[in-house]
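Trainee: I'd like to learn how to read a structure like this one. Can you walk me through it?

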Amino acid sequence: MVAKLLGNKDRTTGGIVLGKEWLVWLALFTLLLVAAATFRTETWPEWFGDEAGYLLQAESVARDLDLQYTDRDRERLVERHGQRAGDTGLALEQQGETVFLDQPLVHSLLLAPFVRLAPQRGAAVLNVLLLTVAAWLATRTLARRLGLVAPLVAALFVFGSVTFRYVFLALPEILVLTATVAAFTLAYGREEPMATETPEIYRPPDEGWDPLWRWLAVGALLVIPSVHHPFYLGLFVPAAVATPKAERQRSLAALAAGAVAMLVLGAGVKWMLTGSWAAVLPTSLGDMWPAFAGERVVFNGNLIGWNLAYFLAGRSVGALPYFLPVLLALGGWTGGGRRSTLVLSVLAIGALLVLAAPFNFFGGPGAIGNRWLLPLYGALWLVPTRRLHWGWIAVTAALTAVFLWPSWTAPRAFPIGPDGNYRHSAGLARRFLPYETSQRELPSVGELRQGVFWLRATGRLVSPAGSADRFELEGQGPTEFLVASPTPLVALHLEFGPTSPGQLEVTHGRLGDTVFRPDGGVGFDLFAPTPRARHPMWWSDERQNLYFFQFGLPEAKAGSHAFAVSFATWKDLEGEE
C-alpha cells in the first residue's frame with residue numbers, strides 16, 4: 001500500500017519502485033508523527049495565540065454538538081488541557097442571552113473527533129496527517145517535472161522552514177496550508193509531464209476525472225484559507241488563470257459554484273450547531289475576518305521601507321530566515337505559463353499584508369515566523385518546473401540550519417523561551433537580524449509609557465507587581481529595551497537598589513554618569529545611541545525615533561535586581577550636576 005502511494009511505476013517491469021528519496025521522506029514524516037503522538041499540551045505554561053479558542057470550539061462540537069459557550073465549556077477546557085496562563089483568544093458572539101463560539105468552523109469540525117479521542121495530542125496528530133497529505137500532493141505534482149528528487153525537495157519545503165513547528169499548535173494554519181496545496185495540485189493536475197522525463201518516472205495525466213468536478217473542488221478548497229484572511233481571496237486569481245482555455249467558461253463557473261457551495265454548506269452546518277441565523281450571517285467585515293479587524297493603515301514611506309526589510313529578513317518574522325526554501329522553489333521556476341500568475345499573486349498578497357497591516361503583518365501573537373505566509377508558501381511548493389541541481393538542494397538544506405537549529409533541536413517546546421523572546425529566533429538570528437520595531441504583537445515581558453515616551457522590555461526582565469515603572473533584571477542579564485520617542489531621546493536613567501552591584505555594562509548605548517545614593521542605591525545614565533529606525537507607531541501617526549539599548553550587570557550574583565526606569569531630558573541631567 002505504501003509503495004503504491006509513494007513509489008514510481010517501472011514502465012519496463014510494471015512493478016512499483018520505492019526509491020531511497022521516498023524512504024527519507026517517509027522517515028521524516030514518521031518521526032514527526034511519533035513526536036505528535038507523544039506530545040502533551042499540558043506541559044506548556046500558557047496559551048499561545050488563540051489556541052484555547054480553537055480547542056474549546058472543537059471540544060464543544062465533539063461533546064455537545066453545538067457552538068454555545070457556557071461555564072461548562074471553560075471548565076472542560078481546564079480539565080482536559082490544564083490550567084494555563086495567558087489570553088484564551090476566544091472569539092465570541094452574543095445573541096440575546098446566548099453566547100456562541102465564533103471561530104472558523106472547518107477546522108473545528110475536523111479537530112472534534114481527535115480531541116474527543118486524545119485531548120492532549122489530538123490537534124498535533126491531525127496536523128501531522130494534514131501536513132503529510134500536503135507534502136504528498138506536492139511531491140506527486142513536482143515529480144512530473146523534477147523527477148526522483150521531488151520527495152527530497154518537498155521534505156525540504158516542510159522541514160527547512162518553520163512549517164513543521166505549527167504541527168504542535170492547536171491552530172488552523174496547517175489546514176489552511178493543506179487546502180491551498182490541494183487546490184493548486186488539482187489546478188495543475190492535468191498538465192503534461194516534461195517531454196525529457198525518463199520513462200521510469202513518466203506518468204501521463206489522469207484523463208478519467210471530469211474537469212467540472214475538479215474545478216468545483218478547487219473553488220471549495222480555496223474558501224478554507226479565504227475565511228481566515230481576506231487577502232487569500234487573491235488565490236482565486238491564479239486558480240482562474242489555470243483553467244483550460246478550451247473550456248474556460250465552464251471551468252470558471254464550476255470554480256465559482258464550488259466556492260459558493262462551500263460557503264452555503266458551512267452556513268448550514270453552523271446553523272445546525274447554533275440554531276440561529278443571526279449567529280451565522282456576519283454583520284461587518286470584522287465579523288467575517290476577526291483576525292484582520294481593527295488593523296490601522298498608515299501610508300508612510302519610512303514605515304513601508306522598514307516593514308519590507310522586516311518582512312524579508314526580520315529577526316522573528318522574516319520570510320528568508322524561516323521560509324528559506326522559497327528561494328529554491330523560485331529557482332526552479334522557468335517563468336511564463338500559468339504559474340507566473342501564482343507567483344505574482346503571492347507577491348501581491350505579501351505586499352498587501354505589509355501595506356494594510358503595518359503593525360501586525362505576521363499574524364501575532366500566535367505566530368512562529370510569519371503566520372500569514374504559510375498558505376502562500378505552500379502554494380509556491382508547486383512552482384518549480386525545471387530540474388533542480390543536487391548541489392543547490394544541498395546548499396539550501398545547509399543554509400536553513402543557520403536559522404532553524406533552535407526549532408530542529410526543540411520542536412515541541414513552548415514557542416516563547418524563558419528569556420521572553422521567540423524560541424525559534426534564538427542564536428544567530430537574534431545576533432545578526434534586525435528587531436522588528438514596528439510590530440505590535442511581538443512578545444514582551446513589560447511595556448512602559450511615561451508621557452510621550454514608550455518602552456518595551458524585550459529581554460530577561462519581569463515587571464514587579466505594584467509599580468509600572470519598575471523591572472527586575474535576572475542575574476547578570478543582559479537585557480534589552482526598545483524605546484520610542486517623538487523627539488530625540490537624550491538618555492535613560494536606571495535607578496537600582498542598595499543590594500545591586502555598582503557597575504553596569506552597556507552594549508547598545510553609552511554609559512554616562514554613575515550616581516551613588518546615600519541609601520546605598522546607584523543610578524546610571526545611559527546615553528541614547530543613534531536611532532535604530534524612524535517611523536510611525538500604532539498609537540500615533542507622528543514619526544517616532546526608535547532606540548535599542550542593551551545592558552547587564554557583570555558583577556551581579558544570582559537572583560533578581562530591581563530597578564526603576566525614567567527618561568532623562570537635558571534639563572534632568574543638568575539638575576543632577
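Mentor: Happy to. Start with one side chain and its partners: the side chain of Thr437 makes a polar contact of 2.8 Å with that of His535. Keep in mind that this is a predicted model.

Trainee: Which other side chain does a polar contact join to Thr437?

Mentor: Tyr310, and that contact is 2.8 Å too.

Trainee: Where does Thr437 sit along the chain?

Mentor: Look for the loop that runs between α19 (428-432) and β5 (446-450); Thr437 is in there.

Trainee: Is Thr437 buried or exposed?

Mentor: Relative accessibility is what to read here, and buried means under 20%. Thr437 has 0%, so it counts as buried.

Trainee: Which residues does Thr437 touch?

Mentor: Leave out residues up to four places away in sequence, and you get Tyr310, Leu482, Ala533, His535, Met537, Trp538 and Leu546. Two names on that list, Tyr310 and His535, are the polar partners we just met.

Trainee: Now the surface. Which residues make the nonpolar patch?

Mentor: Trp392, Val395, Leu399, Val402, Leu428 and Phe432 make it, and the patch covers about 600 Å². Then ask which elements supply those residues: α18 (390-409) and α19 each give at least two. The most come from α18, with four residues.

Trainee: Let's pick one of them. How does Val395 count in terms of accessibility?

Mentor: Between 20% and 50% we say partly exposed. Val395, which lies in helix α18, has 42% relative accessibility and therefore counts as partly exposed.

How values were computed: Residues numbered from 1 in each chain as written. Predicted model: local features only at pLDDT ≥ 70, side-chain atom pairs only at ≥ 80, totals over all residues. Heavy atoms only, no water. Buried < 20%, exposed > 50% of the residue type's maximum accessible area, 1.4 Å probe, protein only. Polar contact = N/O pair within 3.5 Å; in protein donor to acceptor, adjacent residues only side chain to side chain. Contact = heavy atoms within 4.5 Å. Patch = residues over 30% accessible without salt bridge, like charges linked within 9 Å, V, L, I, M, F, W, Y side chains within 5 Å. Areas by Shrake-Rupley, 256 points an atom, 1.4 Å probe, with all protein chains shown as cover. Salt bridge = Lys/Arg side-chain N within 4 Å of Asp/Glu carboxyl O.
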